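Here's a quick tour of one protein fold, pitched for someone just starting out. Have the sequence and the 3D view open, and follow along piece by piece.

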Amino acid sequence: MNDDRTALRERIREANDIVDVVGSYLSLRPAGPTFKALCPFHEDKHPSLVVDPRKQSYKCWACGEWGDVFTFVQKMDHVEFPEALRTLAQRAGISLEKNQKISAGPSKAGMLDVMKWAAARYQSCLLDAPSAEVARDYLGERQLNLGMIRQFGLGYAPDAWEWLVQGALKEKISLDLLEQVGLIAKRNEQKGHYDRFRDRVMFPIRDVQGRTVGFGGRILPSSVVSADRPPPKYYNSAETAIFSKSDQLYGIDLAKQAAAKTGYLAIVEGYTDVIMAHQHGIAQVVATMGTALNERHIKQLKRIVPRVVLVFDADAGGDTGVDRALEVFVKNDLDLRIATLPEGLDPCDLLVAKGPEPFRAALEGAVDVFEYKLQHAWAKHGARGVDGQRQAAEELLGILALTPNERSVKLALMVNRIAQRLLIKEDLIWARLKELRAKRAGSASDRTAPRETPHNPPAEAEAQAAPAETKAGPAPLHERELLELLLAEPALVPRAAVEIAEDEMEHPGLRKVIEALYRLHASGQPADLDHLQGIIDNEKLWQSMRDLAQKGLDYPDRPGVFQKVLERFRERKTLRRKLAIKNQMQDAAPADALELLKKLRDHQ
Ligand SMILES: [Zn+2]
């Protein structure tokens with residue numbers, strides 16, 4: 001029996017190539033004999049996850065996650081081994097049990113099964129049934145072609161109360177499962193089930209791997225409805241373990257390959273906007289399901305692309321959508337831009353009327369969300385002189401105060417831009433920002449002063465407060481090595497920017513160089529010596545940078561040394577936190593001291 005199990009597991013493993021499986025969740029780029037992707041298990045800025053087809057394994061060189069095809073599915077789907085086995089068996093068309101019917105409990109696999117069954121049924125109805133002519137006409141009027149209708153799996157739920165229910169009974173599909181996923185519902189007084197979707201065009205909503213997890217149904221304009229209780233134009237299947245409206249990105253399965261090529265994904269509002277964009281050869285387009293862009297979307301998107309373009313109608317500018325987008329932008333490490341369409345058309349209308357070029361141009365010309373908000377705030381208040389400037393700054397700072405790390409390069413860049421554009425002194429902006437943050441921290445928790453948060457332990461705050469121009473002693477070894485590496489190999493800068501904050505550099509001269517490198521990187525320029533030359537105007541510093549770069553070039557194994565240097569920075573950070581806690585303990589009340597002692601132990 002156990003041997004059978006092992007054999008079955010190995011058969012399933014062999015039938016699921018790791019590159020295909022990982023590639024169905026993440027976008028992969030070939031790298032020699034292996035493939036690389038942005039690691040989904042840590043905040044990854046540069047592809048650190050290596051998938052090796054020869055070993056059928058994956059490993060992240062940054063966070064250390066590794067495993068095989070089973071562990072990968074377990075981690076990604078948040079399921080136990082048996083469920084992962086089931087998913088992969090299904091993927092390969094291998095049956096786990098004899099005579100297995102779709103009748104098992106409410107497992108994810110069971111729900112996916114009935115969704116797949118229903119999608120096929122709705123689609124064959126749309127394509128072949130005489131009763132679906134009205135739906136075919138509707139899609140034809142919207143100019144959607146047959147290729148797209150097939151690719152997106154569109155279907156039709158006919159105008160009948162038991163069409164799906166009867167089909168399920170005939171094919172022995174579990175009515176319980178269909179009810180759980182929200183395609184049918186129970187009648188009152190236990191008199192069987194009825195179809196929830198009637199006379200609607202059905203848009204299957206698929207996850208990143210192309211599995212149907214839900215449906216959106218659009219009512220046909222011709223549908224006979226009661227005037228006093230008009231049904232909603234769009235209607236969704238139920239929220240389940242496999243489908244959550246606020247997580248989903250419509251079209252992500254078909255957009256991710258194109259996005260890997262263009263480097264960005266565009267987000268529009270409607271299903272037909274997405275399909276029409278694909279029909280015009282612009283495939284890096286998805287839609288949220290009627291919800292604003294949220295943190296969970298961002299998490300998914302970051303696995304695929306570093307840049308996201310939100311497409312707004314021209315008249316939607318300056319409203320809460322933009323503020324919300326800016327909030328997401330300041331809280332997350334993501335390049336978020338806004339594209340506005342000409343003449344207030346939605347993407348679908350624009351594409352039908354003018355072809356792909358104006359839409360493509362709008363996407364390529366998208367403005368970063370901060371710049372967009374800055375322009376709008378200025379347009380709104382700028383005319384009112386100094387008061388207007390202050391008002392515009394206030395609008396921006398209210399959102400900037402949400403930045404998790406108050407010493408990030410990104411925040412510094414934004415403050416700098418506000419200062420330049422609104423002609424306000426940078427010091428004043430920082431002071432106001434501090435006030436706003438303190439207010440927020442105060443209202444979030446009355447007991448915890450902001451300086452006790454892990455991002456800002458006292459020792460670090462003091463280091464930050466030290467003037468940058470103090471006399472430089474000899475630089476600590478790990479700081480010098482870091483600079484040697486970064487100057488010799490600029491490709492390491494992005495990783496360093498994630499791991500090491502500028503103010504972790506104790507040596508003021510080296511800190512200046514790091515700040516310059518990060519600034520270059522954040523503004524999209526190469527962080528190399530050539531570009532540094534334009535920024536560093538101190539002859540002596542410049543000379544020592546060249547010396548450092550030369551030393552860096554002599555290292556036989558730069559990535560290896562880099563890892564060690566990162567490790568040393570981490571150790572130092574821990575040490576500094578411990579010291580800070582110890583200092584606090586000296587003047588803490590006994591009860592608080594106990595709490596601090598616990599903290600200290602967590603850092604051991
Ligand atoms: Zn990782």
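What follows is a short briefing on the cores, one helix, one sheet and a hairpin loop.

Keep in mind that this is a predicted model. Its largest nonpolar core holds 73 residues, and a separate core has 66. There's also an open sheet of 4 strands, and one of those strands, β9, is largely enclosed by the rest of the structure, because 7 of its 7 residues are buried.

**The nonpolar cores**

- In the 73-residue core, the residues with the most contacts inside it are Leu-49, Leu-265, Leu-336, Phe-370, Leu-400 and Ile-418.
- The other core, made of 66 residues, lies apart from that one and includes Ala-129, Val-181, Phe-203 and Ile-242.
- Want to see what surrounds Leu-265? Leaving aside neighbours within four places in sequence, Leu-265 is in contact with a whole list of residues, among them Ile-252, Ala-255, Gln-284, Leu-301, Ile-304 and Arg-307.

**Helix α12**

- This helix covers residues 295-304, and its buried residues are His-297, Ile-298, Leu-301, Lys-302 and Ile-304.
- Look down the axis of α12 and those buried residues fall within an arc of 150 degrees, so they line one face of the helix.
- Here's the general idea behind that: an α-helix has 3.6 residues a turn, so residues three or four places apart point the same way.
- Asn-294 caps the N-terminal end of α12, with a side-chain oxygen 2.9 Å from the backbone nitrogen of Arg-296.

**The four-stranded sheet**

- Going across the sheet, the strands come in the order β6-β9-β10-β11, and the pairing is antiparallel.
- Which strands stand at the edges? They are β6 (155-157) and β11 (234-236), each with a single partner strand, so one side of each is left without a neighbour in the sheet.
- From one strand to the next, the twist averages 35 degrees.
- β6 and β9 (residues 200-206) are joined by 3 bridges; Tyr-156 is partnered with Val-201, and Gly-155 with Met-202.
- Between β9 and β10 there are 7 bridges, one of which pairs Phe-203 with Gly-216.
- Helix α5 (residues 108-128) lies across β6, β9 and β10 (212-219), running at about 35 degrees to β10.

**A closer look at β9**

- In a regular strand, the side chains alternate between the two faces of the sheet.
- You can follow that in β9: Arg-200, Met-202, Pro-204 and Arg-206 point one way, while Val-201, Phe-203 and Ile-205 point the other way.
- Are these β9 residues buried or exposed? All of them are buried, whichever way they point.

**The hairpin loop and Ser-24**

- The hairpin of β9 and β10 has 5 residues between the strands, and Gly-210 there takes a positive phi near 85 degrees.
- Val-208 sits in the loop between β9 and β10 and is buried, with a relative accessible area of 14%.
- Leu-254 is 46 residues away from Val-208 along the chain, yet their C-alpha atoms are separated by 8.2 Å.
- Val-208 also touches Ser-24, Tyr-25, Ile-252, Asp-253, Lys-256 and Ile-304, not counting residues up to four places away in sequence.
- Ser-24 belongs to helix α2 (residues 18-25) and is buried too, with a relative accessible area of 11%.
- The side chain of Ser-24 makes a polar contact with the side chain of Gln-209, at 3.2 Å.

How values were computed: Residues numbered from 1 in each chain as written. Predicted model: local features only at pLDDT ≥ 70, side-chain atom pairs only at ≥ 80, totals over all residues. Heavy atoms only, no water. Core = buried A, V, L, I, M, F, W, Y, C linked by side-chain atoms within 4.5 Å. Buried < 20%, exposed > 50% of the residue type's maximum accessible area, 1.4 Å probe, protein only. Contact = heavy atoms within 4.5 Å. Helix = DSSP H or I, 4+ residues; strand = E, 2+ residues; numbered from the N terminus. Arc of directions from axis to C-beta. Polar contact = N/O pair within 3.5 Å; in protein donor to acceptor, adjacent residues only side chain to side chain. Pairing = 2+ DSSP bridges. Axes fitted to C-alpha atoms, helices over the stretch in contact; angles between N-to-C directions.
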